[in-house]
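Open the model in a viewer and keep the sequence panel beside it. Each stop below says what to select and what is there.

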Amino acid sequence: MTVSSTTRPTRRALLTGVVAAPALAAPAIATAQGRPTTWRVQTAWSGGPGLAAFNAWAGEIAERSSGELIFEAYQGSQLAKRFEMLDAIENRTMDAGHCFTIDAGRFSAAGTFLSSYPMAMRTTSEWSAFYYGLGGLEMAREIYAKRNLFWVGPIFHGPNIIHSKKQIRYIDDFRGLRLRAPGGMVSALFDALGAQTVTLSGAEIMPAFQNGEIDAADFVGPAINYDYGFSKETQYISMGPAGYMSVYQPCDIMDLTVNPAAWNALSPKMKGFLEAEVFRFSALHHAAVQKADQEAWLKYEADGTSVTRLTQSEINLMTKLMGPIWIDYATRDADATRIFKVQLDYMTSGSLGYVDRTLYDFFAEQL
């Protein structure tokens, strides 16, 4: 979608995600190539530090691209609901989306391995190494291309944590727990631990706590969860050992997914610009969320929320339990096998060592 020479969204409108129709907007930036390209871009966030970071970034695109590219910024559900965003990008209800990469698991078994999954790589640096050093970026683009989508690159968020009405100190404490989980391997793990999992959107979690439908909920990080009001309905937060906020979803990954026609209409220069911008925004987005998390911990403390941590021995048991689940998902199609094999080699290597050699040999025989 292009904008006439007499129209351009204001920076303030871009920052708020509310942009007037092109005919009513301010004059556009003149560019060397003529009229600027304007994209409708929605973030999955509907509030909190993630939305603020996205809106700030969207508001900078016009200036940083010298007026060649403009983002009309929208927040969660304005153009499409969370789990309908990929459909909306494909049919071009929006040109691009700031999506949760875990949603790729809804259309591809291989997609499950493109975002953090239980007991696997546990830091943003490790996932960055996978994407930018071990071929993950190219593999992700191949997977998305089969769905008629272009995946620009990862945008890191942070770990997920569990809020609970009951104290969780050991993996046996999950047995019988009515737990909100996002589906996929995360739900499979907690099902194996004896929990009764249910998939709900973020907006549905608080009502489920209030009506007694769930006892606990896995959701994103401390700051965003505090804004949702979870501390009003729960007394406990369960996390991994010291140094790990989470081991079942330790590095939530988002991305910028684009309609292929919109992507291919960009000049080579603008494609390179946007790839670099996604890399830059990933660092800014991650840092903004972590900063807000530090402020949120003080609020939880004031509310009397207790934090409990699973021990390393419990984590070792969970890792062994994940073996059959990893193999189940990794053998569902050739792409899943290929991606998991790269990650398994990395997790077994001297750099990480999350998986011991005995387990590695077992997995290798199954793949």
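Start with five strands: select β1, β2, β3, β4 and β10, which form an open sheet with mixed pairing, in the order β2-β1-β3-β10-β4. Keep in mind throughout that this is a predicted model.

Which strands stand at the edges of the sheet? They are β2 (69–74) and β4 (150–156); each has a single partner strand, so one side of each is left without a neighbour in the sheet. Look along the strands next: ignoring direction, neighbours in this sheet are turned by 25 degrees against each other on average.

**Inside the sheet**

Select residues 96–100 and 253–258. These are strands β3 and β10, which run antiparallel and are joined by five bridges. To find one of these bridges, click A96 in the selection; the bridge partner of A96 in β10 is V258.

**Helices on the sheet**

Now add residues 48–64, helix α2. This helix packs on the sheet, where it touches β1 (37–43), β2, β3 and β10. The direction of α2 makes about 155 degrees with that of β2.

Add α5, residues 136–145. Helix α5 also packs on the sheet. The strands touched by α5 are β4 and β10, and its direction makes about 130 degrees with that of β4.

Stay with α5 and colour its residues by accessibility. How many of the ten residues of α5 are buried? Seven are, and the helix is mostly covered. The buried residues are G136, L137, M139, A140, R141, I143 and Y144. To see what covers them, show α3 (85–90), α4, β4, β10, α10 (268–303) and α12 (334–348), which are included in the cover.

**Where α4 meets α5**

Of those neighbours, keep α4, residues 124–133, together with α5. A general point helps here: two packed helices are described by the angle between their axes and the distance between the axes. The axes of α4 and α5 come within 4 Å and cross at roughly 75 degrees. Angles from 65 to 115 degrees count as roughly perpendicular, and α4 and α5 are therefore roughly perpendicular to each other.

Show the side chains at this crossing. On the α4 side the contact is made by F130, Y131 and Y132, and on the α5 side by G136, L137, M139 and A140. Six residues of this contact are nonpolar, one is polar and none is charged.

**F130**

Select F130, which is found in helix α4. Is F130 buried or exposed? Its relative accessibility is 0%, so F130 counts as buried. Leaving aside residues up to four places away in sequence, F130 touches M121, G135, G136, M139, I339, V342 and Q343. Now measure from F130 to L114 in the viewer: the two are 16 residues apart in sequence, and their C-alpha atoms are 9.6 Å apart in space.

**Aromatic rings**

Keep F130 and add F107, F113, Y117, W127, Y131, Y144, W151, W326 and F340; with F130 they form one aromatic cluster. In the model as a whole, the count comes to 26 aromatic pairs. One of them is the tilted pair of Y144 and W151, at 5.9 Å centre to centre and with 35 degrees between the planes. Y144 and W151 are both buried.

Move to another pair, F209 and F230. This pair is edge-to-face, with 6.0 Å from centre to centre and 70 degrees between the planes. The pair links distant parts of the chain: F209 lies in helix α7 (residues 202–210), and F230 lies 21 residues away in the loop between α8 (222–228) and β9. Both F209 and F230 are buried.

**Strand β9 and its partners**

Follow the chain from that loop to β9, residues 236–239. Strand β5 (residues 161–164) runs antiparallel to β9, and three bridges join the two. One place to look is H163, whose bridge partner in β9 is I237. Then select β11, residues 306–309, which runs parallel to β9 and is joined to β9 by four bridges. Here the bridge partner of Y236 is S306 in β11.

**Last stop: R35**

Finish at R35, in the loop between α1 (11–16) and β1. At 58% relative accessibility, R35 counts as exposed. R35 and L69 are 34 residues apart in sequence, and 9.4 Å apart in space from C-alpha to C-alpha.

Key:
Residues are numbered from 1 along each chain as its sequence is written. This is a predicted model: local features need pLDDT of at least 70, side-chain atom pairs count only at pLDDT 80 or more; totals for chains, interfaces and linings use all residues. Side-chain values use heavy atoms; hydrogens and water are left out. Axes are lines fitted to C-alpha atoms, for helices over the stretch in contact, and angles run from 0 to 180 degrees between N-to-C directions. Angles under 35 degrees count as roughly parallel, over 145 as roughly antiparallel, 65 to 115 as roughly perpendicular and the rest as oblique. Contact means heavy atoms within 4.5 Å. Ala, Val, Leu, Ile, Met, Phe, Trp, Tyr, Cys and Pro count as nonpolar, Asp, Glu, Lys and Arg as charged, and the others, Gly among them, as polar. Two strands pair if DSSP finds at least two bridges between them. Rings of Phe, Tyr and Trp (its six-membered ring) pair if their centres lie within 6.5 Å; planes under 30 degrees apart count as stacked, over 60 as edge-to-face and the rest as tilted. Buried means under 20% relative accessible area, exposed over 50%, partly exposed in between (1.4 Å probe, protein chains only).
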